[in-house]
Amino acid sequence: MTAGRSTGAVLAIGIGLALAAGLAACGGSAKATPTTTTATTTATTTTTLAPAQATALKPLLLTTSDFPTGWAQDTAKNAAATKGTPTCVANLVLLKGSATSASVVFASPGQNPTAVIQTAGMFAPGRAAASVKSLKSSFESCNGGTLQSGSVTASLKIKPIVGVSTGDAGFADQMTVTEGKQSSYLDVLYAVKGSNAVFLGWSTTAAAVTFFTQLATKAVAKI
């Protein structure tokens, strides 16, 4: 993949559409509609940050130097869009409740690419730690739900990821998207330090969490 260009693979596997990608990997289209009552679709537009806000958030974000050789940043304007994404995921991508936030997207090379999204944000004093409970509840509300795309239905299962640092407060979970005998995975981290918070999501076809755990450690260290 060439940095600065958004490929179909990146958009399908990535980021705001990570769950829809689970259906795509299972043979459905990349436009999934959740059928659980708690997982409605959400659309968003990119927020333009004031220079001071952008300067404050930039040190909290991962860079290509944090990834193995070959990974590249997707700088397309809609790379982190959440249109078509269940609310349980979109709330994390958007850092719902934050005063300001910024997202960055990376994708791996190869025929079976995976994608990573990170959102860093700042909350009003005393609000960051409180956000953990609501965002965890929101994300885990999709546990046991389904995603429907045409004639394809995928089930959603969520379990904790152990051994991941979450700063002062937070959580780490793995969502499995399964259709028939095929599964894809969305690993998520939400971590808080002081008034800063970070979301990290990895959309992949592999159940192993070693790479995600290593990347999460780097992300938490930056906040």
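**Gly167**

I started with Gly167, which sits in the loop between β8 and β9. This is a predicted model, so I keep that in mind for every entry below. Buried or exposed, or something in between, for Gly167? It is partly exposed, because its relative accessibility is 35%. I listed what Gly167 touches beyond four places in sequence: Ala191, Val192, Lys193 and Val220. I also checked Gly167 against Gly194: the C-alpha atoms are 9.1 Å apart in space, with the two positions 27 residues apart in sequence numbering.

**Whole protein**

Next I pulled up the totals. I get 6 helices and 11 strands. Of the 223 residues, 47% count as buried. I looked at contacts with a separation of 6 or more, and 66% of them join residues 24 or more positions apart. The exposed area is about 9900 Å², and 55% of that comes from carbon and sulfur atoms.

**The disulfide**

How many disulfides does a search of the whole structure find? I found 1. It joins Cys88 to Cys142, with the sulfurs 2.1 Å apart. The two cysteines are 54 residues apart and link distant parts of the chain: Cys88 is in helix α4 (residues 87–93), while Cys142 is in the loop between α5 (128–140) and β7 (146–149). I read -95° about the S-S bond, which makes the link left-handed. Both Cys88 and Cys142 are buried.

**Ser138**

I stayed close to this topic and looked up Ser138, a residue of helix α5. Ser138 counts as buried because its relative accessible area is 15%, and the cut-off for buried is under 20%. Leaving out residues up to four places away, Ser138 touches Thr87, Cys88 and Asn91. One of these, Cys88, is a partner in the disulfide.

**Helix α5**

Then I took α5 as a whole. It has 13 residues and reaches 19 Å from its first C-alpha to its last, close to the 18 Å expected at 1.5 Å a residue. Which residues of α5 are buried? I noted Ala128, Ser131, Val132, Leu135, Ser138 and Phe139. The spacing made me recall the helix rule: with 3.6 residues a turn, residues three or four places apart point the same way. The cover over the buried residues of α5 includes α4, β8, β9, β10 and β11.

**Nonpolar cores**

I went on to the largest nonpolar core, which has 27 residues. Those with the most contacts inside it are Leu92, Phe139, Phe171, Met175, Val188, Tyr190 and Phe199. Two or more residues each come from α4, α5, β8 (152–160), β9 (169–179), β10 (182–193) and β11 (196–204). Another core lies apart from it, with 25 residues, among them Phe106, Val164, Leu200 and Val220. Val220 had already turned up in my list of what Gly167 touches.

I picked Leu92 for a closer look. Beyond four places in sequence, Leu92 touches Leu135, Phe139, Phe171, Val188, Tyr190 and Phe199. Among these, Leu135 and Phe139 are buried residues of α5.

**Leu95**

I checked backbone angles and stopped at Leu95. Its phi is near 50°, a positive value in a residue other than glycine. For context, most residues other than glycine have a negative phi. Leu95 lies in the loop between α4 and β5 (100–107). Why does Leu95 count as buried? Because its relative accessibility is 1%, set against a cut-off of under 20%.

**Aromatic rings**

How many aromatic pairs does the count come to? I got 5. Ring pairs link Phe67, Trp71, Phe106, Trp202 and Phe211 into a cluster. Phe106 also appears in the core of 25 residues.

**Ala72**

My last entry is Ala72, in strand β3 (residues 72–73). Ala72 counts as buried because its relative accessibility is 8%. I compared Ala72 with Ala115: they are 43 residues apart in sequence and 9.8 Å apart in space, C-alpha to C-alpha.

Technical notes. Residues numbered from 1 in each chain as written. Predicted model: local features only at pLDDT ≥ 70, side-chain atom pairs only at ≥ 80, totals over all residues. Heavy atoms only, no water. Disulfide = S-S within 2.5 Å. Helix = DSSP H or I, 4+ residues; strand = E, 2+ residues; numbered from the N terminus. Buried < 20%, exposed > 50% of the residue type's maximum accessible area, 1.4 Å probe, protein only. Core = buried A, V, L, I, M, F, W, Y, C linked by side-chain atoms within 4.5 Å. Contact = heavy atoms within 4.5 Å. Expected span 1.5 Å × (residues − 1). Areas by Shrake-Rupley, 256 points an atom, 1.4 Å probe, with all protein chains shown as cover. Phe/Tyr/Trp six-rings, centres within 6.5 Å; stacked < 30°, edge-to-face > 60°.
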